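Grab a pencil and let's work through a few short exercises together. Try each task yourself before you read its solution.

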Amino acid sequence: MAAIVRQCSRVTLRSLTAFSLRSRPAQQAVLSPLLRKNLKVEWKVDLSSKYFCSYTQTVIDNPNSATTSAQSGQSEVGAISSESDESELISSSSNDLHHISQRLGSVRHEETLLQAFQVIKNAEERDVPPLLVYQLIRNCGNQLFTCMPEERTKLVKRFWSELKEKGIHFDVSHYNVLLSVYLQNYHSFSPVEILEEMKSGGVEPNQTTLVLFIQAFCENGDMIGSLEMLGMMKTLDIPVTEQVYASLITGYSRSGDMESALGIMETMRGNGLEPGLDTYISLLIAYSEAGDLENIKKVVAELTAKKGMCPVGVTMAIVEALARAKHHTFIPEILREMNINQSVFNSELINVLKGLIARGLHENALELLKVIPRNHMVNSERLSVPEVEFMRQLVLSIQEPKMLVSMLKKVDDAKILKSPYELSLNFSYGKHDKALSLAIIETMAKKGLTVRPHYFYPMMVDAIRNNDGKGAIETLSFIRQRNLRLDNNLIYYGKKALKWENKNPQDVIRSLQNIGEDSHQSKETALHLFTDRLDLAEIKGLIEASGDVVENEALIPCLELLIKRDDRTEDAVEAILFAEKKGLDVENCVYTLINRISRTRKASRKLIDFMEILFEKNINAGSRVFSRVLSSLSKDDTTGEFFEFLRILKRNDVEPDASSYREILKKSSNMGRKEAAEFAFTKVNEVFPDDPVAYSYLLLAYAKNNVGNLGFTTDFKNRTKISAIFDEMVEKGLKPFDAAVSHAIIAHLTKGNIEMADKIKEKYGTGSRVFIVYTQYLRFFAKKGDVHNSERIISEMKEMDTDMSPYTYNYLSQAYRKHGDVEKIKKLIDEMKAKNIDKIFMNYSELMMAQLKWSDVEGAWEVYQKECQSLDKFPSYSCCVHLMRELGSSKDIAKLDELSTDITKSKALPEHEKNTMRHSLVVAYLDADAEGKIKEIVDREDFKHEYNHYRSVARNAAGIGKVELLRKLMSFLEEQDLKSTVLYQPLLYAYGKQNDMTGAYALRDEIIAKGETLSPVFLDLFEKLAENRKKDVKIVEEPSQPENVSLH
């Protein structure tokens, strides 16, 4: 549920609990304005492209069936998914009326309400429970989210007038729920007229009625009416609640009297009622509608000081009011100051957009989306994305095609969605409005966008479902008149809609001619229409009767249906053999047929079966066909079929030609199979020597590294090979693929050869993988701590308008961290927040490491508490080790204890990582001389000593020459009956860091005295230290920084 509802629920919980239909008429409560305004229910739409076939299947197989797509397990584009089945709610028996009223709690479909309404109409007036009437009216509000507010208002007015004519008696609860529905639907009504109607019916208003009337008057800025109702409340001794005060603020502000609106706050306090959240929201909305940014900030500050925070619902109420009043320019500044979580913001923004569109403020909603900071244009169909939900609401709310097309053009110009026309078309299917869908398609065609046959499937299915032959003809005519493709499925659906199943080909041809087909096209279409029920003999008869079917290759669509849809591959081959006698060019027919079969990825299996039968029937399709099949099977998800076809060729003694080997090379390259790519490359190179395409594919095979790795080349041999292939291409003057250029640059960067990477970039550019190349440059410079070049790379990426990922920022943070530049890391984090970039958390580790570099333990601890502890997260392991090390050095046992408790209580940290962290705690407590704390850790049942973890922490300590700590750790390990030999090497390095060769010699002698063998790594390090000592050259120390020190 939206955050705004969560905040307001506390204010209205008592009212909601006390709400009664009939038992307490004098004290009935009402939903708070904020709840009533913002309580929204999501509905789901399946936008999958698979919809078109799955949606139509059930309908086509049984056009008269009442089975819905939900019952058949299929999802309809634009259909509403219901969490509960409403089909059993309604019964025509009057004995079930009480049962219906109990189950009619929250209805989502208009059809269900209409059924309930019909039951009431058919029943005797005396048998209709008041609760059923109440539920019927109540469900015409927000609960009926499948209809727009105007439609809901028309529905409730119809129910009210017809029930009144039937003689149904309305009591005060019915009038109250009617008023509530009107307000929910943003319907302007006359409270005076309703009061007169109530009076004529002998119905007395109660507290709820008067509050609703006040809200209605205030919404329109009618303070005279509001004050009359307020006077009536005082006369009846009805207490004035916060909701009433909040409404009065709205009323005064909309009447232009802000001074009186402000005076309401003082009046509340004078009456012993402290202004609450609803009151502040009403005041903020008033200032927002007036565009008074200064006072908005003042009220927000006052609310924040009072509540300790500014709820997200308050922020979104401000945003909605600003958008409604067309003060869009203030919105970005408000959002920057509020700093809302992105996922929460998206959810709340959706509710704001729904509210604006429900009021008919389509352009206001669009302007709001235009000023919302976004990193990139939205390319999604998920309803959780505000831009997508905006499109859905837009399509649902607009009935006039011209108006919708006009808005779509504005959305397209705004560049907030990558595919606004396609998205709106998907949503239009749910309305079953053919004119609306065709208007969108017409606009797409005029803009030069691709219009695919399956865009028309839902309209044809509607024609089948509704027995609308004329509608089917109109759709088919629309397609033909605009020279769009009429595919097999469309013809199949047309046949169903026009009931051509039992007609002969001549009748069908005449029908097709009526929609503009010529003679040949009619014959071809007739083949399409009848293929699904013709057996092989009938197909041959049709070929015999229509010579031009063979001459013009009109037979191919028929064969395609046999293979792809009916799995009658053998019949298709028999038809080809029969047609060959009529003059069919078999090779050309098979080649064209393969092109059509391979249009979909799922057709690969059928393609293999087809080719195998061709071989069995001794039909030699030719090398051109084999190359085409291999090309079709070179997709990433057809690996098995690809190699199966190679085995079929081998089994039939077919040697692939150079073109076929080129496809094999391409497939091997896509899979990262460098050995297979080398073999295919050799074959291609024999026929087409020095082919740049072949060289590029070979390079990509090594770049993808047997796992399809598109970004990094991790194996050293592969990097070397990539460089060698690219150098050979350069020597021969061959132009590489753009992708090959990118991988060559990446290979040199990962080898540390920046000069060669720059030369390639200067000559060929960055290639197709611009972002990855620049990221690798950034990674290279950041690793070296080169801030200048790291900032230069970031600047160039921004100039290219490249989307900045969290990792690019993290690399730059690493560069700053190596210099301990805390302020720059903080600015970088602020920039990420302003741009709503995810995964900011990893940069806090860099910030803490930079602070620890200057021994700012308190600063690092503050970051940990604020950004990590509250989220049950931990910085990087290296950062944790450094933090514990500094806390141990300063003997800050309290913070170490707190950190230990966080580790134990963490639900996010896996057990093995907890064990790793506790090793660092042991060493920190050793440094702090807290032996009791160490015993608590060691005595834990889930703690296990691991040498690698102790050695890792020891290396860290060695990097800053902590000899005494390492000695303590060695003693601790010996006390635990563990070998301390793993620490010899780090201890030697620590002596070196302190330039203490006396200690180093003593350590060596100590090891020898124990009868232990000095490891080669130890001896090598010792010799280097001794050599430096002899030369009287002081060991050069890098600036002390929190880095793990590798001794290997």
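**Exercise 1.** Work out what span helix α45 (residues 806-818) should have, and check it against the model.

Solution. Helices here are DSSP runs (H or I, at least four residues), numbered from the N terminus. The expected span is 1.5 Å times one less than the number of residues. α45 has 13 residues, so it should span 18 Å. Its end C-alpha atoms sit 19 Å apart, which agrees.

A word on the source: this is a predicted model, where local features need pLDDT of at least 70, side-chain atom pairs count only at pLDDT 80 or more, and totals for chains, interfaces and linings use all residues. Residues are numbered from 1 along each chain as its sequence is written, and side-chain values use heavy atoms, leaving out hydrogens and water.

**Exercise 2.** Find how many residues of α45 are buried, and what covers them.

Solution. Buried means under 20% relative accessible area, exposed over 50%, and partly exposed in between (1.4 Å probe, protein chains only). Eleven of the 13 residues in α45 pass that test, including Pro 806, Tyr 811 and Arg 817. Their cover includes α43 (770-784), α44 (787-799), α46 and α47. Right after α45 comes Gly 820, with a positive phi near 70°.

**Exercise 3.** Place Asn 836 and Lys 891, then classify how accessible each one is.

Solution. Start with Asn 836: look in the loop between α46 (822-834) and α47 (841-853). Its phi is positive, near 55°, though it isn't a glycine. Its relative accessibility is 28%, so Asn 836 counts as partly exposed. Now Lys 891, in the loop between α49 (877-889) and α50 (893-905): phi is again positive, near 55°, in a non-glycine residue. At 44% relative accessibility, Lys 891 counts as partly exposed.

Note on methods:
Helices (H or I, at least four residues) and strands (E, at least two) are DSSP runs, numbered from the N terminus. Contact means heavy atoms within 4.5 Å.
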